[in-house]
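Me: Could you take a close look at one part of this model for me, the largest cavity, and then place it in the rest of the chain? I would like one connected answer.

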Amino acid sequence: MFYSQVILAKKGPLAKVWLAAHWGDKKLARPQIFATDISASVDTIVNPTMPLALRLSGHLLLGVVRIYSRKVKYVLSDCTE
């Protein structure tokens, strides 16, 4: 596999993104969603320090999209209230 174990560790920079990709809405709470920096996550995926497998990059980008989607849903629900 083409990835460092440190990147996907529980406290790693992309751990929440990986959880969002594989567990969806079940694992991440609202504070964790808002604590995730999307631009930093995408920058880490696009320009990794260690090479990443293409499949892993795809999964991580899916996680970024799911986190962004949940952020937009939360903002929309706050605006409509």
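**The largest cavity and its surroundings**

Reply: Happy to. By class, the residues lining the largest cavity are four nonpolar, one polar and three charged. Please keep in mind that this is a predicted model. The lining is made up of Ala20, Gly24, Asp25, Leu28, Ile33, Arg66, Ile67 and Arg70. Under the classes used here, Ala20, Leu28, Ile33 and Ile67 are the nonpolar ones, Gly24 counts as polar, and Asp25, Arg66 and Arg70 are charged. The space inside comes to about 30 Å³, and the structure holds one cavity of 30 Å³ or more.

Which element gives the largest share of this lining? That is H4, with three residues. Helix H4 covers residues 54–80, and Arg66, Ile67 and Arg70 of the lining fall in that range.

From here we can follow H4 to its partner, H3. The axes of H3 (residues 38–46) and H4 come within 10 Å and cross at roughly 170 degrees. Because that angle is over 145 degrees, H3 counts as roughly antiparallel to H4. On the H3 side, the contact is made by Ile38, Ser41, Val42 and Ile45. On the H4 side, Ser57, Leu60, Leu61, Val64, Ile67, Tyr68 and Lys71 take part. Sorted by class, the residues of this contact are eight nonpolar, two polar and one charged. Ile67 is a link between the two sites: it is listed in the contact with H3 and also in the lining of the largest cavity.

Another lining residue, Leu28, leads us to the largest pocket. Leu28 lines the cavity and is also found in the lining of the pocket. There it is joined by Leu8, Ala9, Lys10, Lys11, Ala15, Lys16, Trp18, Leu19, Lys27 and Gln32. About 210 Å³ of space lies in this pocket. Helix H1 (residues 15–23) gives the most to the pocket lining, with four residues. Ala15, Lys16, Trp18 and Leu19 are the lining residues within that range. By class, the pocket lining has six nonpolar, one polar and four charged residues.

Finally, the chain as a whole. The protein chain has four helices and zero strands, so its elements read α-α-α-α from the N terminus on. Its C-alpha atoms fill a box of roughly 45 × 20 × 20 Å along the principal axes. The radius of gyration is 13 Å, which agrees with the value near 12 Å for a compact globule of 81 residues.

How values were computed
Residues are numbered from 1 along each chain as its sequence is written. This is a predicted model: local features need pLDDT of at least 70, side-chain atom pairs count only at pLDDT 80 or more; totals for chains, interfaces and linings use all residues. Side-chain values use heavy atoms; hydrogens and water are left out. Axes are lines fitted to C-alpha atoms, for helices over the stretch in contact, and angles run from 0 to 180 degrees between N-to-C directions. Angles under 35 degrees count as roughly parallel, over 145 as roughly antiparallel, 65 to 115 as roughly perpendicular and the rest as oblique. Contact means heavy atoms within 4.5 Å. On a 1 Å grid over the protein atoms alone, a cavity is a set of points where a 1.4 Å probe fits but cannot get out, and a pocket is an open set with protein on both sides within 12 Å along at least five of seven lines; lining residues have an atom within 4 Å of a point. Grid points are joined across faces, edges and corners, and a volume is the space filled by probe spheres set on the points. The radius of gyration is taken over C-alpha atoms; the globule rule is 2.2 Å times the number of residues to the power 0.38.
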